[in-house]
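Reader: I should like to examine one pocket and one helix pair in this structure. Please reason each answer through to the value or name requested.

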Amino acid sequence: MDIDTLIARYDRRVPRYTSYPTAPHFSDGIGAETAAAWLAALPGTASLSLYLHVPFCRTLCRFCGCHTSAVNTEAPLVTYAAALRTEIALAAQAIGKRLTVRQIHWGGGTPSILPAAELRAISDTIRRCFTLAPDAEIAIEIDPRRLPPDRLAALRDIGVTRASLGVQDFAPQVQETIGRRQSFAETAACAEALRGIGVGSINLDLVYGLPHQTDDGLRATLRQALTLAPERIAVFGYAHVPWMQRHQALIPEASLPDARARFRLREIAETEIAAAGYGAIGLDHFAKPGDGLARAAASGRLHRNFQGYTDDDADALIGLGASAISSLPQGYLQNAPRVPAYRAAVAAGRLPIARGVALDADDRLRRAAIEQVMCALRLDVDALLAAHGAAPEALDDVRPALAELATLGLVTWDGSRLAVPRAARPFLRAVAAAFDRYLEPAPARHAPAI
Ligand SMILES: C[S@@+](CC[C@H](N)C(=O)[O-])C[C@H]1O[C@@H](n2cnc3c(N)ncnc32)[C@H](O)[C@@H]1O
């Protein structure tokens with residue numbers, strides 16, 4: 001089948017599978033009480049990963065799909081930081097044991113917007129409540145346009161080892177339309193400053209499918225970005241979801257590349273980045289051969305979580321802050337999405353859980369299948385069924401869909417072993433969707449698959 005027909009057929013809305021079941025299927029039947037029981041059940045040997053969500057930026061970019069809002073004073077940041085510290089203590093108290101943290105991820109929004117003293121105070125609270133592994137990875141998302149010297153010093157003091165810098169595209173017309181002016185020079189200066197304080201891994205986030213983005217413009221952006229020799233590059237497909245993110249309606253639909261153009265832009269990114277010696281990881285990441293993500297991918301230890309691809313294999317991920325999601329052995333928990341409700345719960349001494357989902361055996365089986373497809377691009381269905389002690393027919397509903405994907409060349413499938421060829425990588429989410437038992441009722445909630 002030719003590529004246009006494939007795009008037409010699979011350019012439907014499917015999730016990015018950073019969890020399974022996906023967030024729209026969480027329910028408010030799961031709250032603080034369940035969360036407390038799940039946290040208390042973590043054994044003393046469990047390793048943790050912490051995700052801290054900071055839902056604030058100085059200005060809002062029109063393309064942004066993240067949970068954030070614009071602030072231009074310090075007061076809401078200071079109050080929010082205090083709530084985060086309280087929530088960390090509440091979570092540690094609910095766990096009731098001193099567990100080891102192997103990874104901390106500060107995400108947003110723009111976590112580097114927090115005042116330097118608040119960054120240090122939150123880091124101190126974590127170290128008081130948990131044992132930080134000596135080789136812990138401490139990652140942070142950064143807006144390269146604003147990183148004043150006091151903030152840089154705080155990042156050094158809290159031990160940041162990895163920084164993700166938002167780049168998107170350097171073309172002026174794209175930047176104008178998405179409301180984010182950012183020169184290559186300021187991006188380079190930020191990367192250099194971070195390397196100067198000993199940050200060993202610089203990651204760049206680019207986006208394809210942006211308004212007015214052209215093949216040549218993206219190629220030029222990539223070539224400039226690659227001169228910074230980042231350890232990792234992510235090239236996300238622009239998710240245009242104005243029904244969820246109302247500010248995206250400021251982007252004229254007519255300025256967006258169509259499905260065919262998006263496909264070509266994605267291909268350009270893959271070609272340019274591969275030519276610079278990076279290996280492709282999963283759906284949208286690239287890493288230098290020696291990088292932790294590349295090593296995890298090569299040895300089958302790659303995982304997918306709410307931050308995308310990771311080599312983090314901690315037993316539990318605890319999400320802290322408004323809208324943050326935790327992944328515990330029993331299921332997922334999501335904090336109150338809006339800051340006032342989040343702060344009120346924490347101030348009352350309650351875990352600020354708004355919803356969640358407890359995993360049943362079928363969820364665990366399909367979650368493992370989807371994670372393997374998204375990470376390894378291959379899966380032995382019969383071996384997975386055996387490993388989960390599942391009935392041999394437990395995934396029989398998926399087999400016809402896989403056979404159909406095979407006739408289209410999007411997978412190879414021998415009745416048990418499934419593999420997604422390199423060329424079909426843009427359709428990876430559509431392959432994973434074959435395993436999703438919840439997908440049909442809610443297809444309109446997600447961005448296009450390519
Ligand atoms: C959580 S944001 C934080 C970035 C940081 N605030 C900054 O200003 O660079 C991380 C990245 O997600 C990506 N992103 C945000 N909105 C997106 C969207 N609607 N579609 C695809 N990627 C998006 C962008 O590459 C962005 O830099």
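**The second largest pocket and a helix pair**

Author: The lining of the second largest pocket comprises, by class, 15 nonpolar, 9 polar and 8 charged residues. The model is a predicted one.

Reader: Which residues are the closest to the centre of the second largest pocket?

Author: The space in this pocket is about 700 Å³. Its lining consists of 32 residues. Of these, the closest to the centre are His303, Arg304, Ser327, Arg367 and Glu371.

Reader: Which element gives the most to the lining of the second largest pocket?

Author: The elements that contribute two or more residues to this lining are β11 (303–305), β13 (316–320), β14 (325–328) and α12 (361–376). The greatest contribution, 8 residues, is that of α12.

Reader: Where does the second largest pocket lie with respect to the domains?

Author: Residues of the lining come from domain 1 (22–358) and also from domain 2 (361–445). Because both domains supply residues, the pocket lies between domain 1 and domain 2.

Reader: Is helix α2 parallel or oblique to helix α3?

Author: The axes of α2 (residues 32–40) and α3 (residues 75–95) come within 7 Å and cross at roughly 60°. Angles of 65 to 115 degrees would count as roughly perpendicular, and those under 35 degrees as roughly parallel. The crossing therefore makes α2, relative to α3, oblique.

Reader: How many nonpolar residues does the contact of α2 with α3 have?

Author: On the α2 side the contact is made by Ala36, Leu39 and Ala40, and on the α3 side by Ala91, Ala94 and Ile95. By class, the contact has no polar and no charged residues, and the number of nonpolar residues is 6.

Technical notes
Residues are numbered from 1 along each chain as its sequence is written. This is a predicted model: local features need pLDDT of at least 70, side-chain atom pairs count only at pLDDT 80 or more; totals for chains, interfaces and linings use all residues. Side-chain values use heavy atoms; hydrogens and water are left out. Axes are lines fitted to C-alpha atoms, for helices over the stretch in contact, and angles run from 0 to 180 degrees between N-to-C directions. Helices (H or I, at least four residues) and strands (E, at least two) are DSSP runs, numbered from the N terminus. Angles under 35 degrees count as roughly parallel, over 145 as roughly antiparallel, 65 to 115 as roughly perpendicular and the rest as oblique. Contact means heavy atoms within 4.5 Å. Ala, Val, Leu, Ile, Met, Phe, Trp, Tyr, Cys and Pro count as nonpolar, Asp, Glu, Lys and Arg as charged, and the others, Gly among them, as polar. On a 1 Å grid over the protein atoms alone, a cavity is a set of points where a 1.4 Å probe fits but cannot get out, and a pocket is an open set with protein on both sides within 12 Å along at least five of seven lines; lining residues have an atom within 4 Å of a point. Grid points are joined across faces, edges and corners, and a volume is the space filled by probe spheres set on the points. Domain bounds come from an automatic or database domain assignment.
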